[in-house]
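Biologist: I'm new to reading protein models, and I'd like to go through one with you. Could you show me the picture, please?

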Amino acid sequence: LWDLQSVRDFAKAFLEEYPRLDILVNNAGIGSDPERQETKQGENIVFGTNFIAHFLLTALLLPRIKEAPAGRIVNLASVTHHAASKDVLANFLPAPRSPYQDSKLAAILHANHLRRNDLQGTAVTAMAVNPGFVQSEIWRHKVSQPVIGPIFSSLMNFFALPNAQGCVTSVAAAIHQHAPHVQYLSPYWVPNGCYLPFEISAPFLGAQTAIPSLPPNEPEVSANLCQMSTERVKAFASPL
């Protein structure tokens, strides 16, 4: 995902081999980058991998998904989107301040924009989900640190969800029909407006409708985000 040409090559190979696509789950990503690396196209590697690559993949596969009788696009967000910066578009500038948190907010904004625009009049829906605090490989760099690692591992063993529970919100978004106003799912019991600490380690209830933290002018921000992303990927986004 750190190379948009690789994303395009994958989409081309998929479309040549499979005549049908019902569900796209944009899940893969990286949690941190202490070395401040860049993608092959020069983006911050966290924001570029977690969002821009998924944006391109979705655009390339969207015509095939629209052919499905009830297509689904699921973007993996995170509780950390609540801590995203006030200007998610700043991630297109050098040295963004919070690329992971912003990439997860961008996933929600992208799903919202798809529903309002590209998917209008189709049988396809798009939704963002919080998988929860999960015992996944995304933490591999943190648990390998000499001092913090053992402490974090102990906390993860106590609080984090097993992978089987961490995929529940994604599966629910992919296979269940939800009301049009539902845009975000969480696996925990979350009182309205009280995402902390509940959206990290509250009782696991399965897929629950939750309220994301969005900019006050969300439709405009989402449109600008998608427009700027389209510009970033245009060299790789011609129809396949």
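Biologist: Let me start with one residue: is Asp3 buried or exposed?

Modeller: First, a word on what you're looking at. This is a predicted model, where local features need pLDDT of at least 70 and side-chain atom pairs count only at pLDDT 80 or more, while totals for chains, interfaces and linings use all residues. Residues are numbered from 1 along each chain as its sequence is written, and side-chain values use heavy atoms, with hydrogens and water left out.

Modeller: Now the general idea: buried means under 20% relative accessible area, exposed means over 50%, and partly exposed is in between (1.4 Å probe, protein chains only). Accessible areas come from the Shrake-Rupley method with a 1.4 Å probe, and for residues only the protein chains shown count as cover. Asp3 has 12% relative accessibility, so Asp3 counts as buried.

Biologist: Which residue does the side chain of Asp3 meet in a salt bridge?

Modeller: A salt bridge here is a side-chain nitrogen of Lys or Arg within 4 Å of a carboxyl oxygen of Asp or Glu. Asp3 pairs with Lys40, at 3.8 Å from N to O. Lys40 counts as exposed because its relative accessibility is 57%.

Biologist: And where do Lys40 and Asp3 lie?

Modeller: For that you need the elements: helices (H or I, at least four residues) and strands (E, at least two) are DSSP runs, numbered from the N terminus. Lys40 is in the loop between strand E1 (23-26) and H2, and Asp3 is in the segment before helix H1 (4-17), so the pair ties together parts that are 37 residues apart in sequence.

Biologist: How many salt bridges does the structure hold?

Modeller: There are 7. One of them joins the side chains of Glu16 and Lys12, at 2.5 Å from N to O. Those two are 4 residues apart in helix H1, which means about one helical turn separates them. Glu16 is exposed at 58%, while Lys12 is partly exposed at 41%. Another joins Glu67 and Arg64, at 3.8 Å from N to O. Glu67 is exposed at 60%, whereas Arg64 is buried at 18%.

Biologist: Okay, on to empty space. How many cavities of 30 Å³ or more does a search of the whole structure find?

Modeller: The idea is to lay a 1 Å grid over the protein atoms alone: a cavity is a set of points where a 1.4 Å probe fits but cannot get out, a pocket is an open set with protein on both sides within 12 Å along at least five of seven lines, and lining residues have an atom within 4 Å of a point. Grid points are joined across faces, edges and corners, and a volume is the space filled by probe spheres set on the points. The search finds 2 such cavities. The largest holds about 60 Å³, and its lining includes Asn26, His54, Thr58 and Lys104. Helix H2 (45-66), strand E2 (72-76) and helix H3 (99-116) each give two or more residues to that lining, with the largest share, 4 residues, coming from H2.

Biologist: How many nonpolar, polar and charged residues does that lining have?

Modeller: Ala, Val, Leu, Ile, Met, Phe, Trp, Tyr, Cys and Pro count as nonpolar, Asp, Glu, Lys and Arg as charged, and the others, Gly among them, as polar. The lining of the largest cavity has 3 nonpolar, 6 polar and 1 charged. The second largest cavity holds about 40 Å³, and Leu1, Trp2 and Ile52 are among the residues lining it.

Biologist: What volume does the largest pocket have?

Modeller: About 1100 Å³. It's lined by 47 residues, and Gly31, Ser32, Tyr100, Lys104 and Ile138 lie nearest its centre. H3 gives the most to this lining, with 4 residues. The second largest pocket has about 370 Å³, and among its 20 lining residues the closest to the centre are Thr58, Ala59, Leu60, Leu62 and Asp118. H2 supplies the largest share there, 7 residues.

Biologist: Last one: which residues make the nonpolar surface patch?

Modeller: Patches are made of residues with over 30% relative accessible area and no salt bridge, with like charges joined within 9 Å and nonpolar side chains (Val, Leu, Ile, Met, Phe, Trp, Tyr) within 5 Å. Val147, Ile148, Ile151, Leu155, Phe158 and Phe159 make a patch of about 640 Å². Leu155 lies in helix H5 (residues 148-159) and is partly exposed, at 42% relative accessibility.
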